[in-house]
Amino acid sequence: MTRIAPIALALLLPTLAAAQPLYRCGNTFSQTPCSADAAPVRARSNAVPDAAPGAAGAELCTVTARKELDIDDTGPIVIGSVVKAPAEVIQYADKPTATRAYVVNLKLKGAALAYDGPRSYACNLSEDERRVLRFRPR
């Protein structure tokens, strides 16, 4: 009988672990309810995290260029393209940091303006492409 008890416990343990309730509290999950009306949820093993809100990637570089360079849609200079570039390591917070890189190309809108040529800017983003780490002329 003493040999059967450890085997029975080993077989029952995964069932006990799977039976613990899980509660969703905003964007996080917890084993304790976050409010009195919290209902348990069943987590799927193939669940994918929700995407963070806001601009990312090329869209974030476009928004940053418009803000940094004070570009609007009615002005003589417009954003021609935003192209993904090879990943790049830059100095950020005094440490080498891997970044996702984009090139923002500006173009002239209208032919009556004096303009010294197209301009390109480097836009370095965090690896998740959600934060601008550096924006500068190329």
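Glu59 and Lys67 are exposed on the other side of helix H2, away from its buried residues. This is a predicted model. The protein chain has two helices and seven strands. The points below start with H2 and then turn to the chain as a whole.

**Helix H2: span**
- H2 runs over residues 57-69, which makes 13 residues.
- From first C-alpha to last, H2 reaches 18 Å. That is close to the 18 Å expected at 1.5 Å a residue.
- Asp70 comes just after H2 and takes a positive phi of about 55°.

**Helix H2: buried and exposed sides**
- Five names belong to the buried set of H2: Gly57, Leu60, Cys61, Thr64 and Ala65.
- Seen down the axis of H2, these buried residues fall within an arc of 135°, so they line one face of the helix.
- Buried here means under 20% relative accessible area, and exposed means over 50%.
- Strands help to cover the buried residues of H2. Among them are E4 (77-92) and E5 (95-108). E6 (119-125) and E7 (132-137) are also included in that cover.

**The whole chain**
- Along the sequence, the pattern reads α-β-β-β-α-β-β-β-β.
- The protein chain has 138 residues, and buried residues make up 21% of them.
- Take the contacts with a separation of 6 or more: 42% of them join residues 24 or more positions apart.
- The accessible surface of the protein chain is about 10200 Å². Carbon and sulfur atoms account for 57% of that surface.

Definitions and conventions. Residues are numbered from 1 along each chain as its sequence is written. This is a predicted model: local features need pLDDT of at least 70, side-chain atom pairs count only at pLDDT 80 or more; totals for chains, interfaces and linings use all residues. Side-chain values use heavy atoms; hydrogens and water are left out. Helices (H or I, at least four residues) and strands (E, at least two) are DSSP runs, numbered from the N terminus. Buried means under 20% relative accessible area, exposed over 50%, partly exposed in between (1.4 Å probe, protein chains only). Contact means heavy atoms within 4.5 Å. Accessible areas come from the Shrake-Rupley method with a 1.4 Å probe; for residues, only the protein chains shown count as cover. The expected span of a helix is 1.5 Å times one less than its number of residues. The arc is that of the directions from the helix axis to the C-beta atoms.
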